[in-house]
Amino acid sequence: MSKFDVVVVGAGTGGTMAAREAARRGLKVLLIDRKPKEKIGDKVCGDAIGRHHFDNLGLSYPKGEELESVFEGIEIYSPDLETVFKVKGERLEGFGVNRHRFGQRLLREALDAGAELMDNTTVIEPIVMDRFVKGVVVRNDGEKTSIEADIVIDASGVAGVIRKRLPSDFGVEKEILQEDLIVAYREIRELKEPIETPVYAKIYLSQAIAPGGYYWIFPKKDGIIVNVGLGVQSGPNAPNPKKQIYEYVLNQEIFEGSKIVHGGGGAVPTRRPLDCLVANGVMFVGDAAFQVNPVHGGGIGPSMIAGKIAGETAVKALEKEDFSREGLWSYNVKFMQEYGAKQASLDIFRWFLQKLGDEELNWGMKHKLVTEQDILKANLGEDLRLNITERAIRFFRGIRRLSFLQKLREVANIMKRVKQLYQSYPGPEDFEMWRKEIHDIFSNFKKNT
Ligand SMILES: Cc1cc2nc3c(=O)[nH]c(=O)nc-3n(C[C@H](O)[C@H](O)[C@H](O)COP(=O)(O)OP(=O)(O)OC[C@H]3O[C@@H](n4cnc5c(N)ncnc54)[C@H](O)[C@@H]3O)c2cc1C
């Protein structure tokens, strides 16, 4: 097989976007997926994507059978269900898509731009020579083959097949900590009666039911079909999300007499992005690079942002014929500025939320320690604002958790600091110093929270 400029491993949302971008700018691109072509895009997911991602990426809005609902915002329910935050705003408008059709559209756009597809093909490992990734080894129909490329893009999702098989002197983090992973189970269900307010995606916080995560009901077609799921923070004592959803969610009145259309599980990385998204001859995109919003677990948008930047970076690297870590470095800088800075600061908030008890969440939401507007702004990447009143101080003193308020203040400050550090992402020469500072901040924060 001839040599490619770029081999993209994985034709998910990140990989198809990277392939589309590189191919439309004239590169010779091969997209490889282990699924058969017609199954590409069929993934267990909440199926919700913000409208702004389509605007930013120049993608047309979903329509026809690809579009299953339009959201005006999100409803966030407190654990006791007494408080509902209706968070609305342009950046929270979005779509519920038919994930399979959406994935097929992205694939078609990549192929129309000129990328080639090798489906039914599993990538086994990278080819590494002279401390550079030079291609991939694949298995197709039981046969092993080597495919050469100047640049490999690992967009293989949580599998992270290239990332995990790089020699350790590449300095890339291989494994994700369990505490930074959410395991989830979701069903598409047809209800007997349409759900109320189908224009809101519904998120339910409850440490008792979904420890370290949440459960959701995202309305689809006319509110009669819903995507209902539950995610928990992974770990040795984590409950089984399928068991939890059957025990606490699917027995609720609205699901009485409902029918399962599809059920399945999956995992989502919910931490800051990989510290460094490139190494010699290789870039990491999407879940393979942990590029997911750590608070709500949305990864479709960021994977597409990353895919686009990685595709553009490949074009520049080819022009300069420099495929080294340094030659690909601009992908780091651009992604961190565009998304990673917000993501890393939200990782601090995610950890804090995961440690809260239901009592604190109920009180905090009821008395608006953080308001709907503040949530909206934090989601946009603005600094977290707090509303700590005398009353809040009295309440938390009463339940002997005054330290909670101090912690909340500290959280807002650390989030700010982290965001600044990512916004001024270093050059390759200062990277180790930067990485040490980031690691110190995160490990101290986790230790003390
Ligand atoms: C239950 C659940 C609910 C979610 N809900 C939402 C949501 O509502 N909104 C949202 O934005 N995000 C959601 N996410 C996250 C989102 O699905 C991911 O972040 C996003 O799909 C990441 O895209 P990706 O391209 O990195 O990976 P993927 O879309 O997972 O694509 C990876 C591709 O790589 C292929 N592959 C893997 N290994 C190999 C190999 N060895 N060889 C060849 N091919 C390989 C796979 O077949 C797949 O096609 C959810 C995730 C889960 C699990």
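A residue is counted as near the ligand if its C-beta atom, placed from the backbone, lies within 6 Å of it. In this predicted model, 42 residues surround the ligand, and the closest are Gly 10, Gly 12, Gly 46, Gly 286 and Gly 299. Six elements are listed as giving two or more residues to this shell: helix H1 (13-24), strand E3 (48-50), strand E9 (122-129), strand E12 (181-190), strand E16 (259-269) and helix H6 (300-320). By class, the shell is made up of 18 nonpolar, 17 polar and 7 charged residues. Domain 1 (4-67 + 95-175 + 273-339) and domain 2 (179-269) each supply at least three residues to the shell.

The protein chain as a whole contains 12 helices and 18 strands. Its radius of gyration is 22 Å, close to the 22 Å that the globule rule gives for 449 residues, so the chain is as compact as a globular protein of that length. The C-alpha trace spans about 70 × 55 × 40 Å along its principal axes.

Besides domain 1 and domain 2, the division of the chain includes domain 3 (344-448). Between the C-alpha centres of domain 1 and domain 2 the separation is 28 Å. The contact between these two domains takes 11 residues from domain 1 and 16 residues from domain 2. On the side of domain 1 that touches domain 2, there are 5 nonpolar, 4 polar and 2 charged residues.

Several of the strands that contribute to the ligand shell also belong to the sheets and pairings described below. Strand E3, which gives two or more residues to the shell, is part of an open sheet of 3 strands with the order E3-E7-E4 and antiparallel pairing. E3 and strand E4 (67-71) stand at the edges of this sheet with a single partner strand each, so one side of each has no neighbour in the sheet. On average, neighbouring strands here are turned by 25° against each other, direction ignored. E3 is joined to strand E7 (residues 94-97) by 3 bridges, and the two strands run antiparallel. Within this pairing, Ile 49 is placed opposite Phe 95 in E7.

Strands E12 and E16, two further contributors to the shell, lie in an open sheet of 7 strands with mixed pairing, ordered E6-E5-E13-E14-E15-E12-E16. Its edge strands are strand E6 (84-88) and E16, each of which pairs on one side only. In this sheet the average turn between neighbouring strands, direction ignored, is 20°. E12 and E16 run antiparallel and are joined by 10 bridges; Val 183 stands opposite Ala 267 in E16. Helix H5 (residues 241-249) packs on the sheet, where it touches E12, strand E14 (214-219), strand E15 (225-233) and E16. The direction of H5 makes about 125° with that of E15.

Strand E9, also among the elements listed for the shell, pairs with strand E10 (residues 132-140) in the antiparallel sense over 7 bridges. The bridge partner of Val 128 in E10 is Val 133. E9 and E10 form a hairpin with 2 residues between the strands. In the turn, Asp 130 has a positive phi of about 50°.

Terms used. Residues numbered from 1 in each chain as written. Predicted model: local features only at pLDDT ≥ 70, side-chain atom pairs only at ≥ 80, totals over all residues. Helix = DSSP H or I, 4+ residues; strand = E, 2+ residues; numbered from the N terminus. Nonpolar A, V, L, I, M, F, W, Y, C, P; charged D, E, K, R; others polar. Domains from an automatic or database assignment. Pairing = 2+ DSSP bridges. Axes fitted to C-alpha atoms, helices over the stretch in contact; angles between N-to-C directions. Contact = placed C-beta atoms within 7 Å. Rg over C-alpha atoms; globule rule 2.2 N^0.38 Å.
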